Amino acid sequence: LPRYFGRAMYYTRLLPLPDLLGSGLYVGASAEMGRINDRVDGLPSPDTLYSGSAFLGADTFMGPAYLGVGAGNGGSYGLYLLIGAP
């Protein structure tokens, strides 16, 4: 079976920020799917995995900032916070 990965993401500017703070506040979401084979750790390869996220972001005077939540197969969840360039 082949290996593959795909992602779709959409975001839009919710509102502008005052010049002193930055340029805008954004809202968005993403969806991903992928499959791997022949794992290095020898564990069985799962079927196709799916995940998604929703996030709020801003272009600020300190750089990009965002807060997001993601969910994947098997009920796994994650919370993400980024301030400044990664």
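**Exercise 1. Pairing of strand 3 and strand 4**

Determine how many bridges join strand 3 to strand 4 in this predicted model, and in which sense the two strands run.

*Solution.*
Step 1. Strand 3 and strand 4 run antiparallel and are joined by 10 bridges.
Step 2. The connection between them is a hairpin, with two residues between strand 3 and strand 4.
Step 3. Individual positions illustrate the register: Ala 58 faces Ala 65 in strand 4, and Gly 52 has Ala 71 of strand 4 as its bridge partner.

**Exercise 2. The sheet as a whole**

State the order of the strands in the open sheet, and identify which strands stand at the edges.

*Solution.*
Step 1. Five strands make up the open sheet, in the order 1-2-3-4-5 and with antiparallel pairing.
Step 2. Strand 1 and strand 5 (77–83) each have a single partner strand, so both stand at the edges and one side of each has no neighbour in the sheet.
Step 3. With direction ignored, neighbouring strands of this sheet are turned against each other by 15° on average.
Step 4. Within this order, strand 2 pairs with strand 3 over 12 bridges in the antiparallel sense; Val 27 stands opposite Leu 56 in strand 3.

**Exercise 3. Aromatic pairs**

Count the aromatic pairs whose ring centres lie within 6.5 Å, and classify the geometry of each.

*Solution.*
Step 1. Two descriptors are required, because a pair of aromatic rings is described by the distance of the centres and the angle of the planes.
Step 2. Under the cut-off of 6.5 Å between centres, the count is two aromatic pairs.
Step 3. For Tyr 11 and Tyr 26, the ring centres are 5.9 Å apart and the planes stand at 75°; since planes over 60 degrees apart count as edge-to-face, this pair is edge-to-face.
Step 4. Tyr 11 belongs to strand 1 (residues 4–16) and Tyr 26 to strand 2 (residues 22–35), so the pair ties together parts that are 15 residues apart in sequence.
Step 5. Tyr 11 has 49% relative accessibility and is therefore partly exposed, whereas Tyr 26, at 17%, is buried.
Step 6. For Phe 55 and Tyr 66, the centres are 6.5 Å apart and the planes stand at 65°, so this pair is also edge-to-face.
Step 7. Phe 55 lies in strand 3 (residues 49–60) and Tyr 66 in strand 4 (residues 63–72); the pair therefore ties together parts that are 11 residues apart in sequence.
Step 8. Phe 55 is buried at 18% relative accessibility, while Tyr 66 is partly exposed, with a relative accessible area of 36%.

**Exercise 4. The largest pocket**

Give the volume of the largest pocket, and establish which strand gives the most to its lining.

*Solution.*
Step 1. The space in the largest pocket amounts to about 470 Å³.
Step 2. Its lining comprises 22 residues, of which Met 9, Ser 30, Ser 53, Phe 55 and Tyr 66 are the closest to the centre.
Step 3. At least two lining residues come from each of strand 1, strand 2, strand 3 and strand 4.
Step 4. The most is given by strand 3, with eight residues.
Step 5. Sorted by class, the lining holds 12 nonpolar, seven polar and three charged residues.
Step 6. Phe 55 and Tyr 66, among the residues closest to the pocket centre, are also the partners of an edge-to-face aromatic pair.

Terms used. Residues numbered from 1 in each chain as written. Predicted model: local features only at pLDDT ≥ 70, side-chain atom pairs only at ≥ 80, totals over all residues. Heavy atoms only, no water. Phe/Tyr/Trp six-rings, centres within 6.5 Å; stacked < 30°, edge-to-face > 60°. Helix = DSSP H or I, 4+ residues; strand = E, 2+ residues; numbered from the N terminus. Buried < 20%, exposed > 50% of the residue type's maximum accessible area, 1.4 Å probe, protein only. Pairing = 2+ DSSP bridges. Axes fitted to C-alpha atoms, helices over the stretch in contact; angles between N-to-C directions. 1 Å grid on protein atoms, 1.4 Å probe; cavity = no way out; pocket = protein on both sides within 12 Å on 5 of 7 lines; lining within 4 Å. Points joined across faces, edges and corners; volume = space filled by probe spheres on them. Nonpolar A, V, L, I, M, F, W, Y, C, P; charged D, E, K, R; others polar.
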